[in-house]
Amino acid sequence: MAQMKAAMIYEAGGPEQLKVEMVKQPEVKAGWSLVKVMGFGINHSEIFTRKGESPSVKFPRILGIECVGVVEESTSPNLKNGQKVVSFMGEMGRAYDGGYAQYCLLPNDNIFPIKSNLSWPEIAAIPETYYTAYMSLKNLRINENDKVLVRGATSGVGYAFLKLLRGRYPNINCVGTSRSENKRALLEKVGFDEVIIDQDNVLQTDESFDRILDLIGPAAILDTFKHINKQGIICITGLLGNKWSFDFEPLEELPNSTYLTIADSSDRNQTDVSDLFSYIEKYHVNVKPEKIFSLDDIQEAHRYLESSNSFGKVVVCPN
């Protein structure tokens with residue numbers, strides 16, 4: 001019986017609930033493929049699940065809403081052994097075991113072949129975070145003369161969005177927000193032209209913008225409306241404000257002559273995944289992760305992402 005190393009969770013709690021141990025390697029079944037995991041990103045949604053804040057998730061479980069690697073064995077004629085692939089979302093790590101392991105059994109329709117010469121840690125930084133940022137970028141329909149605001153700039157998606165945007169428009173005016181004054185110097189160092197403090201979901205400025213990426217979500221949306229120019233576009237992508245539903249009246253509170261859209265990484269397809277990797281190559285986007293951990297250090301990876309010191313993408317390379 002083949003064995004593999006995995007980070008199991010048996011009950012909700014802190015990072016110490018992630019137990020790295022040897023478990024049975026999954027067996028291929030109809031409609032699924034086995035992927036050898038070469039890397040995966042750590043995401044805030046997995047922290048919520050670890051804490052017991054995802055009611056639909058039943059323990060024990062192997063967490064991980066994304067992974068990258070090579071096809072080990074497949075039931076699909078479109079997936080060849082040794083082929084580089086990525087997989088993310090689609091109830092991965094929630095309804096079935098996810099990427100926190102050396103091998104992962106995945107539905108064939110949630111596996112996307114890629115062509116890339118990047119290193120595995122770089123590829124591991126891309127799937128969920130950069131796909132979300134890329135879809136936001138597409139929805140915002142940015143022109144090089146636009147003034148852009150990233151609300152929630154210290155998040156992994158916020159930083160990825162900046163790098164994708166700067167790749168195509170190096171001189172565009174892009175402003176970031178942070179709830180902490182301590183992050184100002186860091187945000188300016190990585191390329192934001194200006195940093196605005198977001199105090200209790202209220203921006204400490206009267207400035208307005210042509211395009212706004214709002215990663216805070218429902219908790220801040222009414223304040224975001226105050227900072228969009230006419231003919232401007234707001235894209236709501238994140239829920240970093242920890243409020244899950246909207247309670248505004250569009251006809252009364254959405255500013256006239258403005259546009260509101262959303263970007264949802266659960267709406268995944270091969271074309272957009274391939275386009276993302278092509279975009280990164282074409283514009284020489286630096287996707288190097290900020291921190292790389294081993295699977296044995298999964299608890300430390302969670303502690304880092306939860307800390308006030310975290311910034312950018314955190315990845316784990318289990319093989």
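Four exercises on a predicted model follow, each with a worked solution.

Residues are numbered from 1 along each chain as its sequence is written. Local features need pLDDT of at least 70, side-chain atom pairs count only at pLDDT 80 or more, totals for chains, interfaces and linings use all residues, and side-chain values use heavy atoms, with hydrogens and water left out.

**Exercise 1. Trace the open sheet that holds E13, and find its edges.**

Step 1. Fix the terms. Strands (E, at least two residues) and helices (H or I, at least four) are DSSP runs, numbered from the N terminus. Two strands pair if DSSP finds at least two bridges between them.

Step 2. Read the order. The 7 strands run E12-E11-E10-E9-E13-E14-E15, with mixed pairing.

Step 3. Find the edges. Strand E12 (202-203) and strand E15 (259-262) each pair on one side only.

Step 4. Walk through the pairs around E13. E9 and E13 are parallel and share 4 bridges; here Leu149 stands opposite Ile212. E13 and E14 are also parallel, over 5 bridges. In that pair, Leu213 has Cys235 as its bridge partner.

Step 5. Reach the edge. E14 (residues 228-236) joins E15 through 4 bridges, again parallel. Cys235 faces Thr261 there.

Step 6. Check burial (buried means under 20% relative accessible area, exposed over 50%, partly exposed in between, with a 1.4 Å probe and protein chains only). In E13, 5 of the 6 residues are buried, so this strand is largely enclosed by the rest of the structure.

**Exercise 2. Place helices H3 and H4 on the strands.**

Step 1. Set the criteria. Contact means heavy atoms within 4.5 Å. Axes are lines fitted to C-alpha atoms, for helices over the stretch in contact; angles run from 0 to 180 degrees between N-to-C directions.

Step 2. Take H3. This helix lies across strand E13 (209-214), E14 and E15, at about 155 degrees to E14.

Step 3. Take H4. It packs on the sheet and touches strand E9 (147-151), strand E10 (173-178) and E13. The direction of H4 makes about 160 degrees with that of E9.

**Exercise 3. Describe the largest cavity and the second largest pocket.**

Step 1. Define both. On a 1 Å grid over the protein atoms alone, a cavity is a set of points where a 1.4 Å probe fits but cannot get out; a pocket is an open set with protein on both sides within 12 Å along at least five of seven lines. Lining residues have an atom within 4 Å of a point. Grid points are joined across faces, edges and corners, and a volume is the space filled by probe spheres set on the points.

Step 2. Size the cavity. Its volume is about 60 Å³.

Step 3. List its lining. There are 13 residues, with Tyr130, Gly156, Tyr159, Lys163 and Lys313 nearest the centre. Helix H3 (127-140) and helix H4 (156-168) each give two or more. H4 gives the most, with 4.

Step 4. Turn to the pocket. Its space is about 180 Å³. Of its 14 lining residues, Pro26, Ile62, Tyr96, Asp97 and Leu105 lie nearest the centre. E7 gives the most, with 3.

**Exercise 4. Follow Val85 of E6 to its bridge partners.**

Step 1. Start with E5 (residues 66-74). Its 5 bridges to E6 are antiparallel, and Gly69 is partnered with Val85.

Step 2. Cross to E8 (residues 112-113). E6 joins E8 by 2 bridges, also antiparallel. Val85 has Pro113 as its partner there.

Step 3. Check cover. In E6 (residues 84-88), 4 of the 5 residues are buried.
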